[in-house]
Amino acid sequence: MHDVLIIGAGPAGLSAALWCDELGLDTLVLEQDEATGGQLSSIHNPIDNYPGLRAADGAEFRQRLIEHTKDCEFDLWTQVQIGSVDLKAKRVVLKSGEELQAIAIIIASGLRRRTLGIPGEAEFAGRGIIESGAKDATAVAGRDICVIGGGDAAAENALLLAEVCPTVTLVHRGKKLRARREFTEPLQTHHSVTIFPESRVLRILGNDRIEAVEIERAQAIKPFQMAVQGVLIRIGFAPNTEFVCAQLNMDDRGYVLVDSSQETSVSNVFAIGDVANPLAPTIAGAVGAGATAAKVIASRLKSN
Ligand SMILES: Cc1cc2nc3c(=O)[nH]c(=O)nc-3n(C[C@H](O)[C@H](O)[C@H](O)COP(=O)(O)OP(=O)(O)OC[C@H]3O[C@@H](n4cnc5c(N)ncnc54)[C@H](O)[C@@H]3O)c2cc1C
């Protein structure tokens with residue numbers, strides 16, 4: 001029996017664990033990945049907006065976070081696969097069969113990048129699917145690239161790649177790009193960039209590596225193939241809430257609804273960080289929510 005079970009060891013989960021430790025709560029953190037830090041491992045640009053601390057990238061920020069929790073006494077299990085969760089009973093059963101019980105549960109499971117689910121997307125991971133324009137620009141220089149998505153992330157990556165690639169084709173479903181003007185203006189005039197609105201990629205094709213994409217355009221009579229050697233997909237994020245979705249009040253996109261204590265619709269179950277913050281997901285917001293949940297739980301346990 002633990003005081004607190006925390007699901008997810010990104011910035012939110014680690015902040016909650018740090019606070020739980022400081023407040024003397026017996027805490028176990030469950031992380032599905034081998035490494036902690038969550039989305040920090042996908043940040044390849046400098047982090048300049050976290051008050052009081054700058055980092056060259058997410059890896060450096062993560063290192064500092066881990067360093068900070070080094071002397072804490074909470075337990076952390078990585079590569080954990082959750083089998084089932086009973087939030088009312090505060091019970092988590094792992095796929096390994098282990099049963100865990102706590103007084104409070106904190107859900108800090110964050111977001112994942114949305115995928116298209118089209119043929120070729122999974123098959124060409126690491127063989128032409130580009131993880132990040134900031135990280136991979138040198139590796140893909142000289143190749144023709146297709147970027148999928150119409151928001152800031154797609155537009156920003158397309159611009160980065162256009163500096164080193166002969167052609168970058170941006171394919172998006174809307175009539176207009178949703179991205180901020182600071183990205184769309186330079187994109188529209190960049191000699192290497194072609195924008196396909198009202199279009200979608202149906203398949204990614206190739207043998208050992210990506211060789212083409214099949215595109216459907218509103219203006220075209222039938223789908224056509226375009227030769228590319230790389231594809232970068234930025235179509236937004238989805239909250240990791242499938243494992244608890246039937247038990248909690250959520251919005252229509254699957255984000256957990258919480259009150260000002262970060263408490264969910266189930267008593268003594270809290271949700272913190274991006275999983276409960278569809279409007280403004282940030283590291284600062286995530287760590288702040290972790291502190292709030294830990295302090296509320298500690299004061300409840302003290303008064304019981
Ligand atoms: C490219 C990029 C750039 C960014 N730049 C900035 C920036 O400059 N400034 C800023 O403030 N923010 C930035 N962010 C956002 C920031 O990274 C997030 O707001 C922050 O990581 C949220 O932390 P979190 O702990 O809520 O979620 P996450 O970081 O998503 O961590 C969630 C953790 O939960 C784990 N998990 C999920 N499901 C389960 C499960 N069932 N069982 C166990 N574990 C599970 C995941 O593996 C992950 O480790 C950026 C994000 C990206 C992708």
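Is E263 buried or exposed? E263 is buried, with a relative accessible area of 10%. The views below come from a predicted model.

**View 1. E263 sits in a loop between two strands.** The strands on either side of this loop are β15 (237-239) and β16. E263 counts as buried because its relative accessible area is 10%, and buried means under 20%. Beyond its neighbours within four places in sequence, E263 is in contact with L257, V258, N268, V269, F270 and R300. Two of these partners make polar contacts with the E263 side chain. That side chain reaches the backbone nitrogen of N268 at 2.5 Å. The side chains of E263 and R300 are joined by a polar contact of 2.7 Å. L5 offers a landmark elsewhere in the sequence. L5 and E263 are 258 residues apart along the chain. Their C-alpha atoms are separated by 14 Å.

**View 2. The ligand is surrounded by 30 residues.** A12, E31, Q39, D274 and I283 come nearest. Three elements each supply at least two residues of the shell: α1 (11-22), β7 (111-113) and α6 (283-303). By class, the shell has 14 nonpolar, 12 polar and four charged residues.

**View 3. Oxygen atoms of the ligand lie close to polar atoms of D274, I283 and L111.** In the side chain of D274, an N or O atom is 2.9 Å from a ligand oxygen. At L111, a backbone N or O atom lies 3.3 Å from an oxygen atom of the ligand. A polar backbone atom of I283 is 2.9 Å from a ligand oxygen. Taken alone, the ligand exposes 1000 Å², and the protein buries 88% of that.

**View 4. Helix α6 has 21 residues.** From its first C-alpha to its last, α6 reaches 31 Å, close to the 30 Å expected at 1.5 Å a residue. Its buried residues are I283, A286, V287, A289, G290, A291, A293, A294, V296, I297 and A298. An α-helix has 3.6 residues a turn, so residues three or four places apart point the same way. The cover over the buried residues of α6 includes β1 (2-7), α1, α2 (58-69), β6 (99-107) and β16 (269-271).

**View 5. Helix α4 spans residues 152-162.** Here A154, A155, N157, A158, L159, L161 and A162 are buried. Helices and strands both contribute to their cover. Among the helices are α3 (133-140) and α5 (181-189). Among the strands are β8 (145-148), β9 (168-171), β10 (193-196) and β14 (230-233).

Definitions and conventions. Residues numbered from 1 in each chain as written. Predicted model: local features only at pLDDT ≥ 70, side-chain atom pairs only at ≥ 80, totals over all residues. Heavy atoms only, no water. Near = heavy atom within 4 Å. Polar contact = N/O pair within 3.5 Å; in protein donor to acceptor, adjacent residues only side chain to side chain. Areas by Shrake-Rupley, 256 points an atom, 1.4 Å probe, with all protein chains shown as cover. Helix = DSSP H or I, 4+ residues; strand = E, 2+ residues; numbered from the N terminus. Nonpolar A, V, L, I, M, F, W, Y, C, P; charged D, E, K, R; others polar. Expected span 1.5 Å × (residues − 1). Buried < 20%, exposed > 50% of the residue type's maximum accessible area, 1.4 Å probe, protein only. Contact = heavy atoms within 4.5 Å.
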